[in-house]
Amino acid sequence: MNLEEGTATAQEDFVTRVLEHDQLSQGKKRPVPRRHLRGIELLVLWSLRIYVLFMIAVVVYQVMQSMR
Amino acid sequence: MSDLVPDTIRQKPSAASGPQITHEDIDRAHDRQRVLLARAGRGLFSRTRLLWLLIGPGILVMLGENDGPSMVSYAATGARFGVGFFAPFFVLTFVMAIVVQEMTVRLGAATHRGHAELIFARFGPFWGWFAMLDLVLGNFLTLIAEFIAVRAGLGFFGVPPWLAVMIAMLILILALITHRYWTWERITLAAALFNLVFIPVALFTHPDWHAFGKAFVTWHPFPKGGLTKDTVVVILSDIGATVTPWMLFFQQSATVDKGLTRKDIGFGRLDTVLGAALATLAALAMMLCTAPLFSHQMSAENFQGAEFAQALQPIIGRFGAALFALGIAEAGIVASITISISSAYAFGEVAQRPHSLNLPMKQGKSFYTVLLLCAAAAGALVLVPGLPLVSVILIVNVIAVLAMPPALVFLYMLVNDREIMGDLVSPRWANVLATAVVILLTAAGVLFGVSVIAPNILTHLHFGGG
């Protein structure tokens with residue numbers, strides 16, 4: 001084993017001992033499984049989405065009013 | 001812990017690393033090694049050192065949110081309504097911020113994933129893009145407002161706008177130059193603590209401590225005229241000054257980047273509470289600073305920051321006014337750093353590109369490019385003559401409040417997701433508090449809508465001052 005390989009192994013050993021597996025860049029590449037949204041969750045999300053779009057329109061209206 | 005490999009191994013970075021370990025991992029491991037050593041120790045010194053090592057994201061997010069538009073909002077509140085209802089109201093909004101931000105600490109420490117990444121992964125790109133759209137819109141408008149604050153603050157000293165923007169960009173780049181999360185965090189923390197400069201400035205105004213103390217007990221006096229359109233905008237603006245979507249994305253990603261684990265959650269909470277306490281002090285101080293303008297019945301409707309300093313100069317002197325203007329500029333600079341970083345984290349998480357402040361420039365090209373481009377674009381826009389900058393300052397906090405409920409529902413669903421959180425899912429009391437915050441923010445938004453579309457309805461509510 002040459003010096004460079006030895007240092008690399010020591011680094012790897014150190015990092016894997018100090019960090020949790022999920023903290024490694026490699027570990028973070030593991031996909032998080034998708035979850036299915038239930039009816040009530042979809043209802044809340046859609047309601048809030050419509051609320052945001054409507055309220056942004058209100059803000060734009062108010063800005064235009066104040067600029068006049 | 002004594003068998004941990006010493007710092008000397010860092011002399012050969014990524015070039016010699018195996019395929020599994022990156023430069024980012026090595027830097028984070030060194031930060032974590034210090035945490036593990038401090039945790040292994042006993043006594044007050046070790047605990048204090050552990051706290052010192054683990055604080056950061058919470059203080060940064062809270063003081064970062066005491067940004068240009070927020071400080072202007074607090075100043076406008078003090079100048080228009082004096083000390084009264086809004087003093088305890090500020091405290092309430094920061095309690096709300098603690099409830100919200102604590103969830104991001106738990107989420108980050110339990111999953112080691114950023115907020116945008118989790119939303120995309122768990123709920124799919126359809127909902128993910130909606131969340132990103134809110135974030136991008138909010139962040140960009142807020143960034144513009146930060147540069148307006150920098151421009152206004154430094155303008156007090158005669159610094160031309162282009163130079164003010166350049167100074168802000170230079171500080172942002174200097175904080176990043178070491179490509180090390182730890183160094184960046186400490187530099188930005190030091191800058192963020194300058195937010196407390198409003199405390200001595202408030203003392204220069206010789207506040208009425210009796211009225212100030214009484215306000216916390218009685219929540220009075222309530223703004224004259226009761227719940228008018230103006231009062232609603234100020235209420236919304238002050239809420240938006242403490243809770244905004246970028247804070248969720250930033251603190252969770254920073255928690256992950258710092259490397260906090262389940263064992264660190266207690267300190268993460270302490271960090272958040274400490275940050276909120278400091279930010280509350282700065283916000284209250286700002287209100288006290290401008291309260292004399294209310295007593296002197298001066299109009300402060302379109303003040304952008306430096307105008308407050310000029311108006312206060314006869315009361316607090318040239319030195320006090322200069323500190324005030326510096327504080328406004330600093331608020332804008334620190335927030336421009338944290339907000340552009342939250343955008344870069346979110347972009348990296350969604351685009352699945354490397355995203356960490358531990359990345360060397362070569363490996364984190366897209367991360368640093370997004371970060372600098374966001375800031376540069378916002379900075380450049382501020383220099384375009386004729387743009388309605390006052391409108392931007394006025395609406396950023398309002399938009400933040402409007403975008404919060406959906407962002408909070410995503411957060412609520414994630415922290416109650418046993419599959420990713422395990423035993424760290426929110427307890428019932430935390431869910432009750434989080435639901436109350438969502439309802440309160442939505443109600444505040446609806447109230448704003450009513451005040452714009454049908455202001456007459458508010459006069460029939462007979463709420464407050466009368």
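**Figure 1. How much of chain B is buried?** Of the 466 residues in chain B, 56% count as buried; a residue earns that label when 20 or more other C-beta atoms, placed from the backbone, lie within 10 Å of its own, while 12 or fewer make it exposed and anything in between partly exposed. This is a predicted model, so to speak of a local feature we ask for a pLDDT of at least 70, side-chain atom pairs count only at pLDDT 80 or more, and totals for chains, interfaces and linings use all residues. Residues are numbered from 1 along each chain as its sequence is written, and chains are lettered from A, with ligands numbered from 1, in the order in which they are written.

**Figure 2. The overall build of chain B.** Chain B is made of 19 helices and zero strands; helices (H or I, at least four residues) and strands (E, at least two) are DSSP runs, numbered from the N terminus. Its C-alpha trace spans about 70 × 50 × 50 Å along the principal axes. The radius of gyration of chain B is 22 Å, which agrees with the value near 23 Å for a compact globule of 466 residues; this radius is taken over C-alpha atoms, and the globule rule is 2.2 Å times the number of residues to the power 0.38.

**Figure 3. Inside the largest nonpolar core.** A nonpolar core is a set of buried Ala, Val, Leu, Ile, Met, Phe, Trp, Tyr and Cys residues joined through C-beta atoms within 7 Å. The largest one has 158 residues, and B:Met286, B:Met287, B:Cys289 and B:Phe324 touch the most other members. Helix H14 (residues 306-351) of chain B gives the most to this core, with 24 residues. Which residues does B:Phe324 touch, not counting residues up to four places away in sequence? They are B:Val201, B:Cys289, B:Phe308, B:Ala309 and B:Leu312, where a contact means C-beta atoms, placed from the backbone, within 7 Å.

**Figure 4. A close look at B:Ala131.** You'll find B:Ala131 in helix H6 (residues 115-155) of chain B. Why does B:Ala131 count as buried? Because 25 C-beta neighbours sit inside 10 Å of B:Ala131. Leaving out residues up to four places away in sequence, B:Ala131 touches B:Ile119, B:Ala407 and B:Phe410.

**Figure 5. Helix H18 of chain B, end to end.** This helix (residues 428-453) has 26 residues and reaches 37 Å from its first C-alpha to its last, close to the expected 38 Å; the expected span is 1.5 Å times one less than the number of residues. Its buried residues include B:Val437, B:Leu441 and B:Phe448.

**Figure 6. Chain A, spread out.** Chain A has three helices and zero strands. Its radius of gyration is 26 Å, well over the 11 Å from the globule rule for 68 residues, so chain A is more spread out than a compact globule. Buried residues make up 19% of chain A. The average pLDDT of chain A is 86; pLDDT is the predictor's confidence in each residue, from 0 to 100.

**Figure 7. Where the two chains touch.** The contact takes 39 residues from chain A and 49 residues from chain B. On the side of chain A that touches chain B, H3(A) brings the largest share, 16 residues. The residues on that side of chain A divide into 22 nonpolar, seven polar and ten charged; Ala, Val, Leu, Ile, Met, Phe, Trp, Tyr, Cys and Pro count as nonpolar, Asp, Glu, Lys and Arg as charged, and the others, Gly among them, as polar.

Terms used: Two residues are in contact if their C-beta atoms, placed from the backbone, lie within 7 Å.
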